[in-house]
Amino acid sequence: MFGDDDYPAYTMGRAAEITGASQDFLRRLDEAKLIKPFRSAGGHRRYSRYQLRLAARAREMVDQGTPLEAACRIIILEDQLEEALEQNRKLQGQRPAQAG
């Protein structure tokens, strides 16, 4: 489970420490719909390594002067593009060879 990038292994405090962001910043990323942390039975936020990478990327962009909402939108679009490219690569590998 800890080898799984999507497993929510990190508490908010640890996530903030790892990403170099404040807990408030992580809450704002949730509000901006960049990341949706898992909620424990007690209602505590838990983050995956994948979410931490997105949060770190957002923090870097904001630190460079990009408004938070714009940074989140850019990251979402980059993520969607990467997913589409991966699907395209898989489809290209599944096509039968054409006779020449």
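Where is Lys-33 found? This predicted model places Lys-33 in the loop between helix 2 and strand 2, and the views below start from that spot.

**View 1. Lys-33 sits in a loop with a positive phi.** Between helix 2 and strand 2, the chain passes through the loop that holds Lys-33. The phi angle of Lys-33 is positive, about 65 degrees, although Lys-33 is not a glycine. With a relative accessible area of 66%, Lys-33 is exposed, because exposed means over 50%.

**View 2. Asp-30 is a buried residue of helix 2.** Let us step back along the chain to helix 2, which spans residues 23-31 and includes Asp-30. Asp-30 has 13% relative accessibility and so counts as buried, the limit for that word being under 20%. Who are its neighbours? Leaving aside residues up to four places away in sequence, Asp-30 touches Ile-35, Lys-36, Pro-37, Arg-39 and Arg-45.

**View 3. Three strands make an open, antiparallel sheet.** The order of the strands in the sheet is 1-3-2. Strand 1 (10-11) and strand 2 (38-39) are at the edges, each with a single partner strand, so one side of each has no neighbour in the sheet. Look next at the pairing of strand 1 with strand 3 (residues 45-47), which is antiparallel and runs over two bridges. Here Thr-11 stands opposite Arg-46 of strand 3. Helix 3 lies across strand 1 and strand 3, and runs at about 90 degrees to strand 3.

**View 4. Ser-40 lies in the loop between strand 2 and strand 3.** Is Ser-40 buried, partly exposed or exposed? With a relative accessible area of 23%, Ser-40 is partly exposed. Ser-40 and Gly-20 are 20 residues apart along the chain, and their C-alpha atoms are separated by 23 Å.

**View 5. Helix 1 packs against helix 3.** Helix 1 (residues 12-19) and helix 3 (residues 49-63) have axes 9 Å apart, at an angle of about 50 degrees. That angle makes helix 1 oblique to helix 3, and the crossing of the two is right-handed. On the helix 1 side the contact is made by Ala-15, Ile-18 and Thr-19, and on the helix 3 side by Leu-52, Ala-55, Ala-56 and Arg-59. Sorted by kind, the residues of this contact are five nonpolar, one polar and one charged.

**View 6. Helix 2 crosses helix 3 at roughly 105 degrees.** The axes of helix 2 and helix 3 come within 11 Å. The two helices are therefore roughly perpendicular to each other. Phe-25, Leu-26 and Leu-29 of helix 2 make the contact with Ala-55, Ala-58, Arg-59 and Val-62 of helix 3. Of the residues in this contact of helix 2 with helix 3, six are nonpolar, none is polar and one is charged.

**View 7. Helix 3 meets helix 4 (residues 68-94).** The axes of helix 3 and helix 4 come within 9 Å and cross at roughly 135 degrees, which makes helix 3 oblique to helix 4. As helix 3 passes helix 4, the crossing is right-handed. From helix 3, Tyr-50, Leu-54, Arg-57, Ala-58, Met-61 and Val-62 take part. They meet Leu-68, Ala-71, Ile-74, Ile-75, Glu-78 and Asp-79 of helix 4. This contact of helix 3 with helix 4 holds nine nonpolar residues, no polar ones and three charged ones.

How values were computed. Residues are numbered from 1 along each chain as its sequence is written. This is a predicted model: local features need pLDDT of at least 70, side-chain atom pairs count only at pLDDT 80 or more; totals for chains, interfaces and linings use all residues. Side-chain values use heavy atoms; hydrogens and water are left out. Helices (H or I, at least four residues) and strands (E, at least two) are DSSP runs, numbered from the N terminus. Buried means under 20% relative accessible area, exposed over 50%, partly exposed in between (1.4 Å probe, protein chains only). Contact means heavy atoms within 4.5 Å. Axes are lines fitted to C-alpha atoms, for helices over the stretch in contact, and angles run from 0 to 180 degrees between N-to-C directions. Angles under 35 degrees count as roughly parallel, over 145 as roughly antiparallel, 65 to 115 as roughly perpendicular and the rest as oblique. A crossing is left-handed if the near helix is turned anticlockwise from the far one by less than a right angle, and right-handed if clockwise. Ala, Val, Leu, Ile, Met, Phe, Trp, Tyr, Cys and Pro count as nonpolar, Asp, Glu, Lys and Arg as charged, and the others, Gly among them, as polar. Two strands pair if DSSP finds at least two bridges between them.
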